[in-house]
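Q: Please take a close look at one strand in the interior of this protein. I would like to know how the strand is placed among its neighbours and how its surroundings relate to the rest of the fold.

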Amino acid sequence: MPDGGFGGHSPAAGSTESGFHGGRGAPRWVNPARRLRIGLTLPQFRRDASSTLATFDELWRLGYDGAFVFDHLWPLLQPTRPALEGWTLLATLAARRGGGDGFRLGTLVTRAGLRAPSLLAHMAATVRSIAGAPLIAGVGAGDAASRAENLAFGLPYEDAAGRLANVEAAAVALAGTGAAEVWIGGLGATTRALAGRVADAWNAWGVTPDELAAGLATVRQAAEQAGRDPATVRATWGGQVLIGTDAAEARVLLDRWAERREPQDVARTVAGDAATVLARLHELGEAGAVWCIAALVGGPDQQLDSMRSLLAKAAGFAMRVPASA
């Protein structure tokens, strides 16, 4: 799991598509009437929060639509490394900069089962009060890689059915507070069906545009069967993203980063220059995503700072200026 990464989903199985998109043809640009929102995850695999808070401030200044935290207690399979706790960090971010200007705060994802649903809802209501605007609460079940985390912290790790029940209970409790827009993350059929029944949106990690469109169709079918208006249930995308100053640099960075990663993880990473990556995000928008959340990978903090700036410039974001400036 890269620093600044994501917890709660596993990449879709069976894909052989390369993560490098430097050679793609002309993009299918999103309908301008449907603006795609773009957010980034924050770096949390560290003990000192100062650089995380600085990154958060920079995302706001650069014009991104939101900042997201994950809910791992340590980096996946790396119990000796530190990690900032997601919900206490989220409260700090809310106090630092509320959501009154449209900049959204959220979890991608909070892991159901780490907290009782009523406690999670109470926490969300508190953070929403601090922020002055609703949160985005992505909720996920976790997977086998989360088992050791739970047990080390004295928390049960349930079977697949139990974890899915935890997701439903958490989503229903969060929705009941009005404090958060609820996204359910996961790629399995039962998770998509649950998103259709109870969530505001389904979040898909690392999928292609075609996979997202197909998954959203099943989510909306489940919504219709539950008596909901299927058009009100949306899709969002999250995934690992690597950006170079040009295609050649992106290839070098990806090859270097891939040396210590699983092949399927690399294959699901969207990589290229900023224009190419942005085109890919807009293809996901055309496929139905209303948000794309990028977890930047492929280098140290300075390299990731450059990626944030390159993507913001390519997207043409309007820079924000603090009121005190």
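A: V109 is found in strand β3, and this strand is a suitable part to examine. The model is a predicted one. Strand β3 spans residues 104-111 and is mostly covered, with eight of its eight residues buried. Within the strand there is also a feature of the backbone: the peptide bond that joins L108 and V109 is cis, with omega at about -5 degrees.

The partners of β3 may be taken in turn. With strand β2 (residues 66-69), β3 runs parallel, and four bridges join the two. Two residue pairs illustrate this pairing: A67 stands opposite L105, and F68 has G106 as its bridge partner in β3. The connection between the two strands includes helix α2 (residues 86-96), and β2, α2 and β3 together make a right-handed β-α-β unit.

Strand β4 (residues 135-140) also pairs with β3 in the parallel sense, again over four bridges. Here T110 has V139 in β4 as its bridge partner. The chain passes from β3 through helix α3 (residues 117-131) to β4, and this β-α-β crossover is right-handed.

One step further out, β2 has a parallel partner in strand β1 (residues 37-41), the two being joined over three bridges. The bridge partner of G39 in β2 is G66. Between β1 and β2 the chain crosses through helix α1 (residues 50-62), in a right-handed β-α-β crossover.

How are the residues of β2 oriented, and are they buried or exposed? G66 and F68 point one way from the strand and A67 and V69 point the other way, and all are buried. In a regular strand, side chains alternate between the two faces of the sheet.

The side chains around this region belong to two nonpolar cores. In soluble globular proteins, nonpolar side chains tend to be buried together. The largest nonpolar core in the model has 74 residues, and Y64, L135, L212 and W237 have the most contacts inside it. Apart from it lies another core of nine residues, among them F68, L108, V290 and I293. L108, one of the two residues joined by the cis peptide bond, is thus a member of this nine-residue core.

L135 brings several elements together. Not counting residues up to four places away in sequence, L135 touches R104 and L105, as well as W87, L90, A124, V127, R128, A179, A180 and E181.

F68 leads to a further part of the chain. The structure holds six aromatic pairs. One of them is formed by F68 and W291: their ring centres are 5.6 Å apart, with 80 degrees between the planes, an edge-to-face arrangement. F68 lies in strand β2 and W291 in strand β9 (residues 289-296), so this pair ties together parts that are 223 residues apart in sequence. Both F68 and W291 are buried, and ring pairs link F68, W183 and W291 into a cluster.

A different kind of ring contact is made by R97, whose charged end sits over the ring of W60 at 3.7 Å from its centre.

The segment after α11 (301-315) contains F317. Leaving aside neighbours within four places in sequence, F317 is in contact with L62, G63 and Y64, and also with I38 and A312. F317 has a relative accessible area of 16%, below the 20% cut-off, and therefore counts as buried. Although F317 and R61 are 256 residues apart in sequence, they are 9.7 Å apart in space, C-alpha to C-alpha.

For the wider setting, L242 in strand β7 (residues 234-244) may be considered. L242 counts as buried at 0% relative accessibility. Its contacts, leaving out residues up to four places away in sequence, include A250, L253, L254, V270, V277, V297 and M307. The C-alpha atoms of L242 and A294 are separated by 9.0 Å, and the two residues are 52 apart along the chain.

These local views belong to a protein with 11 helices and nine strands. Of its 325 residues, 51% count as buried. Among contacts between residues at least 6 apart in sequence, 78% join residues at least 24 apart.

Technical notes
Residues numbered from 1 in each chain as written. Predicted model: local features only at pLDDT ≥ 70, side-chain atom pairs only at ≥ 80, totals over all residues. Heavy atoms only, no water. Core = buried A, V, L, I, M, F, W, Y, C linked by side-chain atoms within 4.5 Å. Buried < 20%, exposed > 50% of the residue type's maximum accessible area, 1.4 Å probe, protein only. Contact = heavy atoms within 4.5 Å. Pairing = 2+ DSSP bridges. Right-handed = clockwise from strand over helix to strand, strands pointing away. Phe/Tyr/Trp six-rings, centres within 6.5 Å; stacked < 30°, edge-to-face > 60°. Lys NZ or Arg CZ within 6 Å of the ring centre and 35° of its normal.
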